[in-house]
Amino acid sequence: RLEYFHAPSLVMKVPRDYEWKLSWFRGRNLVPTMGQLAVWNLSSYDTLVMLDDDMLMVDSADELFSVPVFAMSHDPLPLWSPDDATKMASKQTRLNNAARVVHPNKRFFQHLVRRIQSGDFKDDPLINFWGYDLQSLEDAFWNQYGPRKGVTNFVAGKFSGCAKSPPGIATLPQQVAF
């Protein structure tokens, strides 16, 4: 089943002093959007698993639907440090929005979009290190929203919790006030 979202409301607002960082989009005559966030607005579903279009499923992934919290893949790139990218003092993996388990919530969707569109994250260490793109903005949001819980664990195809070992996957706290 295909779902439609209103794309103009998800065009990314970029602070004027950061527009120069959009050369990749401008060079292709594209406008950066936050279309991937629309998955949070599909509240007629209990759980959604969203994958980028360049991912290939070769086996069943039903166990992902048993994850009771928000989960997002991590980037296999080298670890980075928010303190000093060259020293790698407090190493952390970057979240990657290529794969995620979402429990849609319209109020949370509005909160997430409002925070990302606010420009509040423009000076976040993640944005300064990786650039002004949706993936970095989401990562900055989750870093401020709550601690990463660790890697998801499965036993017999069912979610069994999160391990406290890096690299981590952000999780949505169960009690959320917007």
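Guide: A crossing of two helices is left-handed if the near helix is turned anticlockwise from the far one by less than a right angle, and right-handed if clockwise. Before we use that, a word on the source: this is a predicted model, where local features need pLDDT of at least 70 and side-chain atom pairs count only at 80 or more, while totals for chains, interfaces and linings use all residues. Residues are numbered from 1 along each chain as its sequence is written, and side-chain values use heavy atoms, with hydrogens and water left out.

Visitor: What is the handedness of the crossing of α2 and α4?

Guide: Right-handed, so the near helix is turned clockwise from the far one. Helices here are DSSP runs of H or I, at least four residues, and strands are E runs of at least two, numbered from the N terminus.

Visitor: And why are α2 and α4 called roughly perpendicular?

Guide: The axes of α2 (residues 106-117) and α4 (residues 134-145) cross at roughly 110° and come within 10 Å. Roughly perpendicular means 65 to 115 degrees, so the pair gets that label. Phe108 and Leu112 of α2 are among the residues making the contact (heavy atoms within 4.5 Å), as are Phe141 and Trp142 of α4.

Visitor: What makes leucine 51 partly exposed?

Guide: Its relative accessible area is 32%. Buried means under 20% and exposed over 50%, with partly exposed in between (1.4 Å probe, protein chains only), so leucine 51 falls in the middle class. Leucine 51 lies in strand β1, and beyond its neighbours within four places in sequence, it touches Met57, Ala98 and Ala99.

Visitor: How do the side chains along β1 point?

Guide: They alternate: Leu48 and Met50 are buried on one face, whereas Val49 and Leu51 point to the other and are not buried.

Visitor: How do you know that β1 and β3 pair?

Guide: Pairing takes at least two DSSP bridges, and 4 bridges join β1 to β3 (residues 95-102), running antiparallel. Valine 49 has valine 101 of β3 as its bridge partner.

Visitor: Why is asparagine 29 called exposed?

Guide: Its relative accessible area is 73%, so it clears the exposed cut-off. Asparagine 29 is in the loop between α1 (23-26) and β1, and has a positive phi of about 55° although it is not a glycine.

Visitor: Where is confidence lowest, and where is it highest?

Guide: By pLDDT, the predictor's confidence in each residue from 0 to 100, strand β6 (residues 169-170) is lowest at a mean of 40, and β1 (residues 48-51) highest at 92. Residues 165-178 stay under 50. Where pLDDT is low, the predicted coordinates should not be read in detail.

Definitions and conventions. Axes are lines fitted to C-alpha atoms, for helices over the stretch in contact, and angles run from 0 to 180 degrees between N-to-C directions. Angles under 35 degrees count as roughly parallel, over 145 as roughly antiparallel, 65 to 115 as roughly perpendicular and the rest as oblique.
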